[in-house]
Amino acid sequence: MPTDSAIAALSSPSLNLSFDLSTAPLFQQNAQNFILQQFAKQLPVMQNLGLLDVYLSNGHSVEPHWHPNASELQYVVQGEVAVSILNPFSRQILSYRVKPPQTVYIPMGWWHWQTATMDNTHFVSAFDNNATQVVFGSDILRMTPPEVFQMIYGVNATQLADVLKPIDQTVVIGPPASRDIEWRIGTQAFLNQSS
């Protein structure tokens with residue numbers, strides 16, 4: 001049943017039911033790896049619905065994350081994406097390789113990530129909330145003090161701080177470009193890692 005505000009919006013003489021996603025980028029790593037968005041903020045008349053339009057090149061991923069207030073349905077338009085989901089009940093990773101016109105459903109609050117397995121991969125994620133929230137893994141790692149990990153897991157806080165130091169912002173789409181990896185961990189370490 002539509003809310004009073006939805007009825008008012010739908011009966012307005014200035015009703016707009018159209019939107020151009022290209023005007024609402026959520027994140028852009030480069031010309032091949034970006035996400036466009038459409039939620040109530042972009043099209044106020046939308047009720048209980050949100051949309052992400054995701055473009056990835058081979059080997060690029062939407063970083064691990066979860067949505068605390070929305071379930072997600074992914075539909076692959078082009079290319080192929082490997083979708084991985086942590087089942088919180090069985091503690092198993094569910095993995096799917098999805099091509100057009102296949103879909104994957106991700107329940108609300110389930111940890112998941114997507115990786116393109118070929119260039120020009122394009123998928124659409126639909127949400128059952130017009131103000132979907134997201135919690136990114138990079139934010140958890142960079143905002144939790146290393147001393148907390150040491151206290152709880154017994155890891156060395158100083159070493160962990162060094163390992164996590166390159167994560168200085170929300171990642172959203174990874175991996176970073178080779179030049180960024182070189183700058184962050186040093187040229188020699190990058191060359192050893194690449195070989």
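1. Leu51 stands opposite Ala126 in β10. This pair is a useful place to start reading the model, which is a predicted one. Seven bridges join β3 to β10, and the two strands run antiparallel. Strand β3 covers residues 50-56, and strand β10 covers residues 121-127.

2. Some overall figures help to place these strands. The protein holds six helices and 12 strands. Of its 195 residues, 36% are buried. Among contacts between residues at least 6 apart in sequence, 68% join residues at least 24 apart.

3. Which strands make up the open sheet, and in what order? Six strands form the sheet, in the order β1-β2-β3-β10-β5-β8, with antiparallel pairing. The edge strands are β1, residues 25-30, and β8, residues 103-106; each of them pairs on one side only. From one strand to the next, the twist averages 15°. When tracing the sheet on screen, note that β10 sits between β3 and β5 in this order.

4. On its other side, β10 meets β5. Strand β5 takes in residues 72-78, and six bridges join β5 to β10 in an antiparallel arrangement. Two residue pairs can be looked up here. Glu72 stands opposite Phe127 in β10, while Gln78 has His122 of β10 as its bridge partner.

5. Strand β5 also pairs with the edge strand β8. Four bridges join β5 to β8, and these strands run antiparallel. The bridge partner of Gln74 in β8 is Val104. For anyone following side chains along these strands, a general point applies: in a regular strand the side chains alternate between the two faces of the sheet.

6. How enclosed is β10? Six of its seven residues are buried, so β10 is largely enclosed by the rest of the structure. One residue of this strand, Phe127, comes up again in the points on aromatic pairs and on the pocket.

7. The structure holds five aromatic pairs. One of them is formed by Phe34 and Tyr55, which are stacked, at 4.6 Å centre to centre and with 15° between the planes. Phe34 belongs to strand β2 (residues 33-38) and Tyr55 to strand β3, so the pair ties together parts that are 21 residues apart in sequence. The two residues fall into separate exposure classes: Phe34 is buried, with a relative accessible area of 17%, and Tyr55 is partly exposed, with a relative accessible area of 24%. The class boundary that separates them is 20%.

8. The rings of Phe39 and Phe127 have centres 5.9 Å apart and planes at 35°, so this pair is tilted. Which parts of the chain does it tie together? Phe39 is in the loop between β2 and β3, and Phe127 is in strand β10, so the pair ties together parts 88 residues apart in sequence. Both Phe39 and Phe127 are buried.

9. Pro68 lies in the loop between β4 (61-66) and β5. Is Pro68 buried or partly exposed? It is partly exposed, with a relative accessible area of 36%. Leaving aside neighbours within four places in sequence, Pro68 is in contact with Met108, Gln133, Val134 and Val135. For Gln133, 65 residues away along the chain, the C-alpha atom is separated from that of Pro68 by 6.3 Å.

10. The second largest pocket has a volume of about 280 Å³. Its lining consists of 23 residues, and those nearest its centre are Leu26, Leu52, His67, Phe127 and Val134. Phe127 is thus a residue to check in several views: it stands opposite Glu72, it pairs with Phe39, and it is among the lining residues nearest the centre of this pocket. Val134 is likewise listed there, and Val134 is also in contact with Pro68.

11. Which strands each supply at least two residues of this lining? They are β1, β2, β3, β4, β5 and β10. Strand β10 gives the most to the lining of the second largest pocket, with three residues. The strand that pairs with β3 and with β5 therefore also contributes to this lining, and six of its seven residues are buried.

Notes
Residues numbered from 1 in each chain as written. Predicted model: local features only at pLDDT ≥ 70, side-chain atom pairs only at ≥ 80, totals over all residues. Heavy atoms only, no water. Pairing = 2+ DSSP bridges. Axes fitted to C-alpha atoms, helices over the stretch in contact; angles between N-to-C directions. Phe/Tyr/Trp six-rings, centres within 6.5 Å; stacked < 30°, edge-to-face > 60°. Buried < 20%, exposed > 50% of the residue type's maximum accessible area, 1.4 Å probe, protein only. Contact = heavy atoms within 4.5 Å. 1 Å grid on protein atoms, 1.4 Å probe; cavity = no way out; pocket = protein on both sides within 12 Å on 5 of 7 lines; lining within 4 Å. Points joined across faces, edges and corners; volume = space filled by probe spheres on them.
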